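Hi everyone, thanks for making time this morning. Let me put the structure up on the screen so that we can walk through it together.

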Amino acid sequence: ASAMGRCGSSQQLKQMQIPSPPGWDGHESNVIWEKAVIPFASADCGSDAEEYPQALMDTVQRANVGGAGYRLVAVFMPLKHQNGVLEHLECVNVGVKAMCFFQRVPRAPEEALESCVYSTAFEPFKQGNPESVVYENLKTAKDTMFPVSGIVAEPQKAYPHIGEHIAHVICQRPDGDAPDMSDKKYTVATCKSDLEPDKFAKFLAGFSSSQKILKITSIFRPPNFPAKTDVHFVFESAPRRYHMAHVDLEFCTSTSQVKHDLYTGTIARAAEKGWELAGIFDMLNGTVSPNGKTFTCTIRLVFQAGKVEDQPQPQAPAVTPQAGLAQEPTEDLQQHEGALLKAAAAEAQQEPEGKEDSEELLIEV
């Protein structure tokens with residue numbers, strides 16, 4: 001049986017060796033996570049515009065207690081197919097339990113951060129690029145000298161929800177220190193959330209090896225599903241090039257007590273190897289078993305790491321299992337975590353020959 005069909009509480013995580021980025025200098029990333037209840041949007045979309053970011057910003061501030069310098073990098077709210085609609089997996093009466101991820105990158109100082117949020121209402125089901133009004137806040141952030149940390153849309157009770165939604169651009173910087181952002185550039189491109197692993201690796205490689213020097217600053221999925229499955233990648237100009245890679249994981253958990261430790265364990269092991277978490281999203285294939293007790297979906301974790309220039313880049317080690325579930329083959333997770341190797345190989349061997357069919361450049365700021 002596959003892991004998708006066996007979600008017992010006695011399962012132990014599979015410990016796999018994740019390869020370090022080529023030329024890694026031994027510095028680890030630091031990633032922490034915390035659950036936060038994010039209120040639902042009401043029928044009158046604008047009424048919760050302040051309540052929603054406040055719940056998220058409270059969590060952001062807690063991550064910086066003591067001046068730890070942890071920046072928001074991702075907010076994850078898995079979705080499930082239920083009764084013909086898409087619903088959030090972990091709902092309470094007032095909202096959604098969201099997994100919030102914070103990160104201090106290698107060699108970053110432990111300094112207190114100050115935060116701000118720019119909120120915009122938009123209609124994701126309109127024709128054209130309705131999210132462009134959201135990305136106007138990238139310019140606002142640049143003008144106010146607040147680097148962008150993430151973009152998050154408010155949760156709805158069920159999808160599709162036709163009408164206005166609110167997106168929040170979360171920005172952070174060292175407390176009292178406004179950085180020079182006069183040369184900062186933001187680029188937004190789209191990619192299908194269910195793009196095949198090899199094609200997705202090529203998508204990442206195209207930006208990792210482009211003439212522009214870019215890193216991922218946020219991964220944002222507008223709430224226009226199931227009509228569209230696009231994920232938006234927000235890139236920013238960077239002082240050096242970045243390796244970009246991904247891991248696809250089958251996430252299987254009890255619906256009564258959701259356990260996130262399968263993929264958080266993978267994130268932690270990648271951080272120990274120097275990879276920075278760039279974002280996380282599910283592929284909108286989340287389903288609940290007929291008895292309502294088990295939830296399964298595929299999660300895509302996206303990582304990046306600054307390239308070490310002017311140094312020979314040794315070949316990354318093969319992915320080998322250390323321990324696994326009893327009677328459970330390791331081939332699937334070898335393939336999933338081995339996607340890190342695939343992406344590194346793709347960017348090393350292949351110059352982009354133009355855009356993938358799944359890619360569309362939305363905006364440059």
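I'll talk about one sheet, the helix that goes with it, and then the nonpolar cores. Please keep in mind that this is a predicted model.

Let's begin with the sheet. It is open and has three strands, in the order β7-β9-β8, with antiparallel pairing. The edge positions belong to β7, residues 113-122, and β8, residues 148-153; each has a single partner strand, so one side of each has no neighbour in the sheet. On average, neighbouring strands here are turned by 20° against each other, ignoring direction.

If you look at β7 and β9, the latter covering residues 165-174, you'll find ten bridges joining the two antiparallel strands. To pick out one pair, phenylalanine 122 has histidine 165 in β9 as its bridge partner.

Now, what packs on this sheet? That's helix α2, residues 132-143, which touches β7, β8 and β9. The direction of α2 makes about 150° with that of β7. The helix has twelve residues and spans 17 Å from first C-alpha to last, close to the 16 Å expected at 1.5 Å a residue.

Which residues of α2 are buried? They are Val134, Tyr135, Asn137, Leu138, Ala141 and Lys142. Viewed down the axis of α2, these buried residues fall within an arc of 145°, so they line one face of the helix. As a reminder, an α-helix has 3.6 residues a turn, so residues three or four places apart point the same way.

Lysine 139 is also in α2, and at 46% relative accessibility it counts as partly exposed, since buried means under 20% and exposed means over 50%. Lysine 139 lies 9.6 Å from glutamate 364, C-alpha to C-alpha, although 225 residues separate them in sequence. Just after α2, methionine 145 takes a positive phi of about 60°.

On to the cores. The largest nonpolar core has 26 residues, and those touching the most other members are Phe101, Phe251, Tyr263, Ile267, Ile299, Leu301 and Phe303. Elements supplying at least two residues each include β6 (95-104), β13 (242-254) and α4 (261-272), while β16 gives the most, with six. Leaving aside residues up to four places away in sequence, isoleucine 267 touches Val31, Phe101, Leu277, Leu301 and Phe303.

Apart from that core lies another, of 20 residues, and this brings us back to where we started: among its members are Tyr118, Phe122, Ala141 and Leu362.

Thanks, and I'm happy to rotate the view for anyone.

Terms used: Residues numbered from 1 in each chain as written. Predicted model: local features only at pLDDT ≥ 70, side-chain atom pairs only at ≥ 80, totals over all residues. Heavy atoms only, no water. Pairing = 2+ DSSP bridges. Helix = DSSP H or I, 4+ residues; strand = E, 2+ residues; numbered from the N terminus. Axes fitted to C-alpha atoms, helices over the stretch in contact; angles between N-to-C directions. Contact = heavy atoms within 4.5 Å. Buried < 20%, exposed > 50% of the residue type's maximum accessible area, 1.4 Å probe, protein only. Expected span 1.5 Å × (residues − 1). Arc of directions from axis to C-beta. Core = buried A, V, L, I, M, F, W, Y, C linked by side-chain atoms within 4.5 Å.
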